[in-house]
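Open your viewer, show the backbone as a cartoon and keep the selection panel at hand. We will go from one selection to the next.

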Amino acid sequence: MSRLAITLPGLELKNPIMPASGCFGFGKEYGNLYDLSQLGAIMIKATTLETRYGNATPRVAETASGMLNAIGLQNPGLHGVLENELPWLEQFDVPIIANVAGSETADYVEVAKEISKAPNVHALELNISCPNVKCGGITFGTDPEIAKELTAAVKAVSSVPVYVKLSPNVADIKSMAIAVEAGGADGITMINTLVGMRLDEKTGKPVIANKTGGLSGPAVKPVAIRMVYEVSQVVNIPIIGMGGITCVQDVVDFLSAGASAVAVGTANFVDPFICPTLIEQLPGKLDELQIDHISELIGRSHRL
Amino acid sequence: MIIQDLMTVGSQQQIAKNIFEMKLTGKLVGEITSPGQFVHIRVSDSFEPLLRRPISIAEVNVEKNEMTIIYRAEGHGTGLLSQKRAGDIVNVLGPLGNGFPVNETASGQTAVLIGGGIGVPPLYELSKQLTAKGVKCIHILGFQSDDVVFYEEQFATLGETYIATVDGSNGTKGFVTNIMGELTDEFETFYSCGPMPMLDAVQKAYVHKKGFLSFEQRMGCGIGACFACVCHTNENATDKAYVKVCSDGPVFPAGVVQI
């Protein structure tokens with residue numbers, strides 16, 4: 001397994017494969033299907049200070065090779081996650097990356113401070129890019145200066161390394177990446193979903209109750225690859241790449257673009273066993289590429 | 001236990017306008033625990049369409065490792081599914097969700113089963129299991145029109161069966177509630193599956209009876225992870241503010257889910 005091991009700030013990954021936040025709940029549903037200790041890490045569903053019910057339904061809509069979602073950060077709140085979800089995950093030998101969301105800086109700081117003390121939380125993923133909530137989320141993710149300040153505020157209270165999840169819904173993703181690095185981020189995760197809309201064929205009205213939703217799935221992969229390629233060349237912190245990964249070739253592509261590990265999102269809904277399947281198939285892919293260790297792939301797209 | 005099974009199509013036939021009956025064989029059948037559970041089917045090997053299609057289980061034959069699904073081919077995904085032929089392999093995830101509680105009706109008691117349109121199929125296996133244990137089943141099935149009526153004879157072999165069609169082309173003209181009003185209310189339990197307005201009308205009509213409703217919602221994962229199919233619950237009906245139709249349901253006691 002050492003061929004697949006990757007070390008990142010706060011994270012000793014057995015392999016570079018982890019489920020993406022929002023696509024895996026808090027692990028319980030998938031824990032009924034396979035041993036979660038196989039995973040490189042788990043990015044748990046976004047946690048906010050208070051309990052959130054989320055948006056009205058319909059919350060999802062299928063699109064060409066993808067899907068739109070507008071769940072609205074439904075979660076049991078900081079105390080629910082600390083009391084029920086994280087302790088349950090302690091039975092598995094897997095580092096947890098806690099996705100932290102909020103409406104204002106004080107929320108982020110409070111959640112980050114408390115959740116980073118949990119014994120199995122090895123890193124935070126700062127969610128400044130959720131497109132589906134009325135306030136917070138995306139506003140922090142589109143202004144470099146605000147993103148930098150929020151990153152610094154969270155870094156100041158977190159007991160573990162902080163990764164910042166970038167939104168693709170910006171004119172210049174590089175300036176966002178540079179800003180959060182300057183704010184003290186230990187790493188970047190990217191990309192969140194692209195804002196989209198689907199109209200009902202009969203009524204002509206948006207299908208999703210929230211009207212807009214975040215596009216994910218294979219359809220977004222080229223956008224994600226381009227952004228990882230660009231960002232990895234302007235920052236010195238590692239990237240966990242995601243956006244439409246469904247097979248080992250996609251994993252290879254993200255690492256080649258400049259990511260050091262990857263997260264799998266929507267594909268979990270299509271095949272709940274996708275993460276262990278990718279982990280199982282990776283060594284064969286390395287053999288095929290005549291590569292000894294997976295880290296040799298990182299950034300080869302722009303290596304001199 | 002939920003498994004992902006590559007099931008073999010035994011047969012596929014159109015049984016009414018746009019309504020298909022498909023028989024599937026595989027070890028997943030041995031995991032089914034109650035009528036009203038559903039399966040999540042990949043209709044294509046590509047990512048077009050991307051998501052699985054949730055389809056209810058209409059009949060289970062454990063000895064033959066075979067289950068029957070009945071679905072309406074109305075969109076791209078179910079259209080592709082309707083093109084599968086005997087011998088084809090289909091990727092099926094399941095069984096999913098919690099079905100109808102058969103043990104809530106005792107032998108010798110009477111149950112009323114009310115189905116609407118493509119909500120009718122899971123009631124067939126339910127009726128088979130109820131009648132097998134000595135429950136008298138009365139079936140009230142509602143459809144748009146005669147050309148989309150299916151399984152009328154199959155239900156009739158299990159018990160009294162009444163059909164309602166919106167246009168009156170088969171049975172009573174109108175809705176299932178028109179038939180419900182005519183029938184005796186000497187029964188112990190009711191079980192229902194169909195569109196939301198129908199479920200609402202049924203539970204209002206039988207507010208003093210013990211009943212179970214199966215809900216339909218747009219789903220993502222089908223296993224409770226994505227939070228796409230949540231519904232609010234009625235105050236004091238449960239200790240939760242919401243339920244997930246896919247994994248907490250799709251069957252809930254009447255009165256629990258806000259309609």
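On this tour, two residues are in contact if their C-beta atoms, placed from the backbone, lie within 7 Å. Keep in mind as you click along that this is a predicted model.

**Stop 1: Thr78(B).** Start by selecting Thr78(B), which sits in helix H1 of chain B, residues 76–81. Leaving aside its neighbours within four places in sequence, its contacts are Arg53(B), Tyr71(B), Arg72(B) and Ala73(B). Is Thr78(B) buried or exposed? Neither label fits: Thr78(B) is partly exposed, because 19 other C-beta atoms lie within 10 Å, and a residue is buried if 20 or more do.

**Stop 2: Tyr71(B).** Next, pick Tyr71(B), in strand S5 of chain B, residues 66–72. Tyr71(B) has 22 C-beta neighbours inside 10 Å and therefore counts as buried. Not counting residues up to four places away in sequence, Tyr71(B) touches Phe20(B), Ile55(B), Thr78(B), Leu81(B) and Ile118(B).

**Stop 3: an annotated set in chain B.** Now colour the residues that an unreviewed UniProt entry annotates as "binding site": Arg53(B), Pro54(B), Ile55(B), Ser56(B), Ile70(B), Tyr71(B), Arg72(B), Gly77(B) and Thr78(B). Both earlier stops, Tyr71(B) and Thr78(B), are among them.

**Stop 4: the barrel.** Select the strands of chain B and follow them round. Six strands close into a barrel in the order S1-S2-S5-S4-S3-S6, with antiparallel pairing. From one strand to the next, the twist averages 45°. For a closer look, take S3 (residues 38–42) and S4 (residues 53–61) of chain B, an antiparallel pair joined by four bridges. Which residue of S4(B) is the bridge partner of Val39(B)? That partner is Ile55(B). Then add helix H2 of chain B, residues 121–132, which lies across S4 and S5 and runs at about 25° to S4(B).

**Stop 5: over to chain A.** Here the "binding site" annotation, again from an unreviewed UniProt entry, includes Ser21(A), Lys45(A), Asn127(A), Ile191(A) and Gly243(A). Zoom in on Asn127(A), found in strand S8 of chain A, residues 121–127. With 29 C-beta neighbours inside 10 Å, Asn127(A) counts as buried.

**Last stop: Gly243(A).** Finish in the loop between strand S13 (239–242) and helix H8 (248–257) of chain A, where Gly243(A) lies. Gly243(A) counts as buried because it has 31 C-beta neighbours inside 10 Å. Show Ile191(A), Val220(A), Lys221(A), Val223(A) and Ala224(A) too: Gly243(A) touches these, not counting residues up to four places away in sequence.

Technical notes: Residues are numbered from 1 along each chain as its sequence is written. Chains are lettered from A and ligands numbered from 1 in the order in which they are written. This is a predicted model: local features need pLDDT of at least 70, side-chain atom pairs count only at pLDDT 80 or more; totals for chains, interfaces and linings use all residues. UniProt positions are given in the numbering used here, feature names are shortened, and annotations may be inferred rather than shown by experiment. Helices (H or I, at least four residues) and strands (E, at least two) are DSSP runs, numbered from the N terminus. A residue is buried if 20 or more other C-beta atoms lie within 10 Å of its own, exposed if 12 or fewer, and partly exposed in between; C-beta atoms are placed from the backbone. Two strands pair if DSSP finds at least two bridges between them. Axes are lines fitted to C-alpha atoms, for helices over the stretch in contact, and angles run from 0 to 180 degrees between N-to-C directions.
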